[in-house]
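Reader: I am new to this structure and would like a close look at a single part of it. Please take the sheet and what packs around it.

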Amino acid sequence: MSKEKLPVVVLISGRGSNLQAIIDDAENADCPFEVSAVISNRPGVAGLERAQRANISTRIVDHKSHANRESFDAALIENIDAYQPGLVVLAGFMRVLTADFVKHYEERLINIHPSLLPEFPGLDTHQRAIDSGAREHGASVHFVSCALDSGPLIVQARVPLETGDDAETLAARVLEQEHRILPRAIRWFAEGRLAIESDGEAERVMLDGNPAL
Ligand code: GRF
């Protein structure tokens, strides 16, 4: 008898290559999660086609049809909760979310970000890494808290900066790692191996009872 898989809703805004990595992993028989739905805030993006090719339900919640963040996020919550997910994954979802949204999915909302957080939250991370003279860069998966690109880290992957790198070559090297660590983090969550521990001030993620990072 096969165990029940954790239902996951994935939010995207564009290309959806991270979504593809999640879909590919979910196709493995031993995968402990399944993708219940993909929701995009932009119509017509490639990620929606990827979902449709994999016979996954899609919805569009267009931020342009909403007067403010509160109304957009309320619509998003309604659409996500229709699938009763155990986990919501932000995979290239390019909208800042309200505190109410983050609270609603407390401890079951994760994000992939293309930098070694807390370095370089926000946009243009690859160029900023190059400009800073850093010797390495990378990607992070983290539980989402209210501030932008912040929250307890689950897993990071590091890549070296190479001579002659530009934002594009570096982004490609980082993206490969994103595709590796995002499905891994979702598996850990689905297997019940992650916990958030707080010492009153800072929070950290535990994996199998040990600090994840
Ligand atoms: C990724 O680099 C992700 O980390 C960032 O936006 C990019 C989205 O790529 N937030 P894709 O849509 O998953 O291909």
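Author: What follows describes the sheet, a helix that lies across it, and the nonpolar cores.

The model is a predicted one. Its open sheet is built from seven strands, and their order is β3-β2-β1-β4-β5-β6-β7. The pairing in this sheet is mixed. At the edges stand β3 (57–60) and β7 (153–160); each has a single partner strand, so one side of each is left without a neighbour in the sheet. On average, neighbouring strands are turned by 20° against each other when direction is ignored.

The edge strand β3 runs parallel to β2 (residues 33–40), and four bridges join the two. Within this pair, A37 stands opposite S57 in β3.

Helix α1 (residues 17–26) lies across β2 as well as β1 (6–12), β4 (87–90) and β5 (109–113). The helix runs at about 155° to β2.

V10 shows some of these contacts at the level of residues. Apart from neighbours within four places in sequence, V10 is in contact with L19 and I22, with V35, A37, V38 and I39, and with V89 and A91.

V10 also belongs to the largest nonpolar core, which has 41 residues. Together with V89 and I154, V10 is among the residues with the most contacts inside that core. The element that gives the most to this core is helix α6 (residues 167–190), with eight residues. There is also a second, separate core of 19 residues, and its members include A37, F72, L76 and I80. A37 is thus in contact with V10 while being part of the second core.

How values were computed. Residues numbered from 1 in each chain as written. Predicted model: local features only at pLDDT ≥ 70, side-chain atom pairs only at ≥ 80, totals over all residues. Heavy atoms only, no water. Core = buried A, V, L, I, M, F, W, Y, C linked by side-chain atoms within 4.5 Å. Buried < 20%, exposed > 50% of the residue type's maximum accessible area, 1.4 Å probe, protein only. Contact = heavy atoms within 4.5 Å. Pairing = 2+ DSSP bridges. Axes fitted to C-alpha atoms, helices over the stretch in contact; angles between N-to-C directions.
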